[in-house]
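Let's take a walk through this one, from its pockets to its salt bridges and a few backbone oddities. Have the viewer open as you read.

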Amino acid sequence: MQASQVDLVTFGPEHLGAAINLSRQAGWPHRPEDWAMVLSLSSGVVALEDKGRVVGTVLVTPYGDNCATINMVIVDEAMRGRGLGRKLMDCAMTIAGNRPLRLVATSDGLPLYEKLGFRETGSVLQYQGSVPAIDRPDGVVPANQDDLAAIVALDRAAFGAERRSLLEFIAKVGQFAVIRQAGEVRGFAALRTFGRGEVIGPVAAAHASDARALISFFIASRPGAFLRIDTTADAGLAPWLAERGFAHAGGGIAMAKPQIHHLADRAAATFALANQALG
């Protein structure tokens, strides 16, 4: 039997329908709107079998010159084991240029990423569920338009690169809550529709108690809703999330190339990451 030809082409809006089908095959919860959001912030490629069927995807989201994340790496089940994942990653690294790279790996993808020079920097834990109603915490308020600059600055300190484009997008489709001290924003959390329900994140706060209050603000505003939160193992939020009624639903391995300092070593805080806030 003649082997099929696979071409790598620029990921465009016309490929979104097929990409959604691939993510469903992989068991991912992404809606068309979730894919469209990532694509609007990113560049990438799709693999086309015999110039037609989409059999692989990868997207690269740049954050200035300081960082880029690699997202939505999927290879069709029928095409695995043929080196297609490596080709997609080679394209992604070319798109990223000299930017340091980050991604969240599954155990299946870990060997490939290690061969490409990525190194583990931590663990991402996913929690989700329809949680019981709770009282709204004191000291947390909805953000206003004037808070966005402070939110961008806090996120930059937490993440290590400026994600203004992402945060501006979230401001359009979702909402932010903030903690203020002496009139200044000292912590924030975001909420937006995603997958089966809504996702809380990113979250940045100087103390674990503030992070819990910010998350609680959105839990209190969504009684009985299906919510998802991705956090890091070192943040110490996992036991608290379980006590609130969230179920551990997997996660991944945070990786970087070149290796960056672990999140716990950077200034500032406790972070709850919304699966790189994208996927």
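## Ground rules

A residue is called buried here when its relative accessible area is under 20%, exposed when that area is over 50%, and partly exposed in between. Keep in mind that this is a predicted model.

## The largest pocket

The largest pocket holds about 1200 Å³ of space. Its lining takes in 48 residues, and the ones closest to the centre are Trp28, Val73, Val104, Ala105 and Thr106. By class, that lining breaks down into 21 nonpolar, 18 polar and nine charged residues.

Which elements build the wall by giving two or more residues to the lining? Strands E4 (67-75), E5 (101-105), E6 (119-130), E10 (197-205), E11 (226-232) and E12 (247-257) do, along with helices H3 (84-96) and H4 (110-115). E4 makes the largest contribution, with six residues.

## The second largest pocket

The runner-up has about 180 Å³ of space. Pro142, Ala143, Asn144, Gln145, Leu148, Ile151, Ala171, Gly174, Gln175 and Phe176 line this second largest pocket. Helix H5 (148-159) and strand E8 (175-181) each put in at least two of the lining residues. Six of the lining residues are nonpolar and four are polar, with no charged ones in the second largest pocket.

## A buried pair and a lone arginine

Start with Asp155, which counts as buried because its relative accessible area is 2%, under the 20% cut-off. Its salt-bridge partner is Arg163, with the closest N and O atoms 2.7 Å apart. Arg163 is buried as well, since its relative accessible area is 2%.

Now look at Arg102, in strand E5. What is the nearest side chain of opposite charge to Arg102, and how far away is it? That side chain is Asp155, 8.7 Å away, and Arg102 is buried without a salt bridge. A salt bridge requires a side-chain nitrogen of Lys or Arg within 4 Å of a carboxyl oxygen of Asp or Glu, so a gap of 8.7 Å doesn't qualify. Arg102 does have a polar atom in its side chain that lies 2.6 Å from the backbone oxygen of Phe159.

## Salt bridges with partly exposed partners

Altogether the structure holds 13 salt bridges. One of them links Glu162 and Arg164, at 3.4 Å from N to O. Glu162 is partly exposed because its relative accessibility is 32%, and Arg164 is partly exposed, with a relative accessible area of 32%.

Another joins Glu184 to Arg186, where the closest N and O atoms are 3.0 Å apart. Are these two buried or partly exposed? Glu184 has a relative accessible area of 44%, so it is partly exposed, and Arg186 counts as partly exposed at 37%. Elsewhere, shared partners tie Arg156, Glu162, Arg164 and Glu168 into one salt-bridge network.

## Along the strands

Two strand residues are worth a click. Gly129 sits in strand E6 and is buried because its relative accessibility is 12%. Leu110 is 19 residues from Gly129 along the chain, and their C-alpha atoms are separated by 27 Å.

Thr231 is in strand E11, and at 0% relative accessibility Thr231 counts as buried. Ser123 is 108 residues from Thr231 along the chain, and here the C-alpha separation is 8.4 Å.

## Backbone oddities

Where are the cis peptide bonds to look at? One joins Gly201 and Pro202, with omega at about 5 degrees; Pro202 belongs to strand E10. Another runs from Lys257 to Pro258, with omega near -10 degrees. Pro258 is in the loop between E12 and strand E13 (270-272).

Two residues have a positive phi without being glycine: Met72, at about 55 degrees, and Ala182, near 55 degrees. Met72 is in strand E4, and its relative accessible area of 5% is why Met72 counts as buried. Ala182 lies in the loop between E8 and strand E9 (184-194), and Ala182 is exposed because its relative accessible area is 84%.

Key:
Residues are numbered from 1 along each chain as its sequence is written. This is a predicted model: local features need pLDDT of at least 70, side-chain atom pairs count only at pLDDT 80 or more; totals for chains, interfaces and linings use all residues. Side-chain values use heavy atoms; hydrogens and water are left out. On a 1 Å grid over the protein atoms alone, a cavity is a set of points where a 1.4 Å probe fits but cannot get out, and a pocket is an open set with protein on both sides within 12 Å along at least five of seven lines; lining residues have an atom within 4 Å of a point. Grid points are joined across faces, edges and corners, and a volume is the space filled by probe spheres set on the points. Helices (H or I, at least four residues) and strands (E, at least two) are DSSP runs, numbered from the N terminus. Ala, Val, Leu, Ile, Met, Phe, Trp, Tyr, Cys and Pro count as nonpolar, Asp, Glu, Lys and Arg as charged, and the others, Gly among them, as polar. Buried means under 20% relative accessible area, exposed over 50%, partly exposed in between (1.4 Å probe, protein chains only). Lys and Arg count as positive and Asp and Glu as negative; His and the chain ends are not counted. A polar contact is a pair of N or O atoms within 3.5 Å; within protein, one must be able to donate a hydrogen and the other to accept it, and residues adjacent in sequence count only if both atoms are side-chain atoms.
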